[in-house]
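Please find below some notes for a colleague who has not yet looked at this structure. The points are numbered for easy reference.

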Amino acid sequence: IISLGGPMSSNDERENPWIGSEIRLLQEALRRKLPILGICLGGQLLARALGKRVFTNPVAEVGWFPLDLTAAGRGDRIFSAASKTPTVYHFHFETFEIPDGAGCLARSEGCERQAYKVDDRTYGLQFHPEVSFQTMQRWALSAPAKLSAPGAQHLACQRQQGGRCAGYVIAPRGISGADSPAIRAVGFELVRVVNAILAVGESCQTGVVEPVHAIGVEVGSGIQ
């Protein structure tokens, strides 16, 4: 299961009733030991599914900022393939508590909790590893007021940074030639597929509820 981001808060269940359904979906997936990746809002919902709080971050983190991998991150099978300070895209105003028993994998200057791993199959991220230059442009232009929040990067700077950093690839340890054209092609194909999902979501109405029969609960679609 990949739980993606969205403009709403993970605490906005009154305005978005599907949030409770998605949390129950994630709890059932955890019970069944299914692989889960939560990105931004998805990472926050996963933290809530594990009994933790989501609350306002000290600053708005919007733009391209470096991560600082922790010792756990440098030793992780996936994160260890990145540099110690990879630059990635951020677009959030809230953050999560690290779930019990999970390791904090990364932090940034603006946010102490950027990623966690519960086990070898469950990751929660605050940042966006999937964002392409086109997605960054679309998000920034759709929410110009958010770019004036304290901590947000100016659009011109985002464009400059995005030209260098968009589509950052983290390859699992054990894959040789992580910087080779072939591996980079795989990484950018992943970025393309995830952005295709995001593009479909943007054409949908947020909060539409559809049944997920395999799990047996209802979950909101139309993630932006």
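**Notes on the predicted model**

1. In this predicted model, residues 197–224 have pLDDT under 50 throughout. For this stretch the model has 59 contacts beyond four places in sequence.

2. Across the protein the mean pLDDT is 78, with 74% of residues at 70 or more. A stretch with pLDDT below 50 also covers residues 169–183, and the model gives it 22 contacts beyond near neighbours in sequence.

3. Among the elements of the protein, the lowest mean pLDDT, 34, belongs to strand 9 (residues 208–212), and the highest, 96, to helix 2.

4. Helix 1 (residues 18–31) and helix 2 (residues 41–49) have axes that come within 9 Å and cross at roughly 70 degrees. Helix 1 is therefore roughly perpendicular to helix 2. Their crossing is right-handed.

5. Which residues of helix 1 meet helix 2? They are Trp-18, Ile-19, Glu-22, Ile-23, Leu-26, Gln-27 and Leu-30, and on the helix 2 side the partners are Leu-41, Leu-45, Leu-46, Arg-48 and Ala-49. By type, the residues of this contact are nine nonpolar, one polar and two charged.

6. The structure holds eight aromatic pairs. One of them joins Tyr-89 and Trp-139: the ring centres are 6.2 Å apart and the planes stand at 40 degrees, so the pair is tilted. Tyr-89 lies in strand 5 (residues 87–96) and Trp-139 in helix 4 (residues 133–142). With these positions 50 residues apart, the pair links distant parts of the chain.

Terms used: Residues numbered from 1 in each chain as written. Predicted model: local features only at pLDDT ≥ 70, side-chain atom pairs only at ≥ 80, totals over all residues. Heavy atoms only, no water. Axes fitted to C-alpha atoms, helices over the stretch in contact; angles between N-to-C directions. Helix = DSSP H or I, 4+ residues; strand = E, 2+ residues; numbered from the N terminus. Parallel < 35°, antiparallel > 145°, perpendicular 65-115°, else oblique. Left-handed = near helix turned anticlockwise from the far one by under 90°. Contact = heavy atoms within 4.5 Å. Nonpolar A, V, L, I, M, F, W, Y, C, P; charged D, E, K, R; others polar. pLDDT = per-residue confidence, 0-100. Phe/Tyr/Trp six-rings, centres within 6.5 Å; stacked < 30°, edge-to-face > 60°.
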